[in-house]
Amino acid sequence: MEATTVAKTGTEGKLWGGGDEKPLKASYGKLMMWFFITSDALTFSGFLAAYGFTRFKFIEEWPIADEVFNHFPFLHGVDAPMYYVALMTFILIFSSVTMVLAVDAGHQMNKNKVVTYMALTILGGIVFLGSQAWEWSNFISGEYGAVETRSGKIIQFADADGNRVAIDDFATASPKDRTQHLSKNGIWYNSESSYNPLSLEDVKKGFEANPDLRVRTMQLTDEGEKTVLNREESLVTLNDTGVGVIQGANLSQNEYGAPLFGGFFFFITGFHGFHVLSGVLILIIIFFNVLIGTYEKRGSYEMVEKVGLYWHFVDLVWVFVFTFFYLV
Amino acid sequence: MAHDTTHDGEHSGAKKRIWQVFIILSILTIVEVVFGIFKPDFLVHTDLVSLSLLNWIFIILTIIKAYYIVWAFMHMEHEAASLRRVVVWTGVFLICYLVAILLIEGSYIQEIYENGYITWDF
């Protein structure tokens, strides 16, 4: 051994000499999961910081979250800000609790309890995904509609008291030249329902016919509410600057305000939802492994612990998304 | 037998901790939601370091929630101190830096939009 050419550092057996001890006293798998979580946390921080950047850039005209996310299932037309996301948050926190209970049952090698708690966690994840889909569909279909101005701003409509009015309520679509596509003209069974969107002219006509209506700009007042113009200013703004009608939201424009608001909503909640989806898939795989007794035979439920780390991380990210998208 | 009892004791302690943390997280979330719905005027209109008190409350409560999730649910409290520092310090320092730079830049651009010679709302 003395004749070997490998230089010795004299620190063999010590931690920095690569001794027998596990680095950071954690198993390989858990350590790698922490590596992944740290880098993923930085990715999400990048997204949220970019959201903060854009919001600070448009601080005087950013949409008010309470006005955008105010739907609750089965309560149509009721203004219910926050309740729905609060419910989603609770669903995710509770699925985190069942996950940590599954990990705990794994420590005691109690297979049946691991199975029960993991099944509950998967259920929670699926319910959360469904809730997010509902939230998206509300966001995409919109409620009031708006008009885009030539400088890319949004104007919305309100009555004399400042309550929001939907453009469908005062404007009627006029007949247009577009011919409906019928199945007899299609190659296969293609057909479409009648499609007659509101045009800007329809909105202008409806607006002039209702002296009660006012234009609501994106500008926030000192009280943190949107500015409502008086009737004369409203008419001028709508007639001079309006360029098109927006209903709902897509990737390039939305009826709520700054176009980037929609972009960030789709991107950040979508990326988080994708994490939840992959979490549910991984949980299902591990769940079946538990069922067929893989970890019982292996003598350790560490795999459940590792997927648990990932699942809690997804919950952790949601806590921040909840704060920065819905509260602040 | 003696071994069994100590093990059981440890175990019920872990369970107790889980439910305790769940209750803490629930209470913090409920407080956030209540503040978010009622938005007390005093908190909205009092600024502290260019952020309203209400937003400070939200952010601090969020960080407390994050602490409980990482420490209790992700078992960070049982990991080696070195692992804790590797994960937490990396995240905290990089995130603080990134957020500070981007928010300062964001308000600078907002200022330009507002006070520049070109109007952005024409």
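Of the 122 residues that make up chain B in this predicted model, 15% count as buried. The secondary structure of chain B consists of 4 helices and 2 strands, and these follow one another along the sequence as α-α-β-β-α-α. The chain is more spread out than a compact globule, because its radius of gyration is 22 Å, well over the 14 Å that the globule rule gives for 122 residues. Along the principal axes, the C-alpha atoms of chain B fill a box of roughly 80 × 35 × 25 Å.

Chain A, to which we now turn, is divided into two parts: domain 1 takes in residues 25-142 + 261-327, while domain 2 covers 146-247. Between the centres of domain 1 and domain 2 of chain A, taken over C-alpha atoms, there are 37 Å.

Two residues of chain A also invite a look at their backbone angles. Most residues other than glycine have a negative phi. Lys25(A), however, has a positive phi, near 55°, and Met82(A) likewise has a positive value, near 75°. Lys25(A) sits in the segment that comes before helix H1 (28-57) of chain A, whereas Met82(A) belongs to the loop that links helix H2 (65-68) with helix H3 (83-107).

How are the surroundings of these residues best described, as buried or partly exposed? Lys25(A) has 14 other C-beta atoms within 10 Å and is therefore partly exposed. Met82(A) counts as buried, because 22 C-beta neighbours lie inside 10 Å, and the cut-off for a buried residue is 20 or more.

How values were computed. Residues are numbered from 1 along each chain as its sequence is written. Chains are lettered from A and ligands numbered from 1 in the order in which they are written. This is a predicted model: local features need pLDDT of at least 70, side-chain atom pairs count only at pLDDT 80 or more; totals for chains, interfaces and linings use all residues. A residue is buried if 20 or more other C-beta atoms lie within 10 Å of its own, exposed if 12 or fewer, and partly exposed in between; C-beta atoms are placed from the backbone. Domain bounds come from an automatic or database domain assignment. The radius of gyration is taken over C-alpha atoms; the globule rule is 2.2 Å times the number of residues to the power 0.38.
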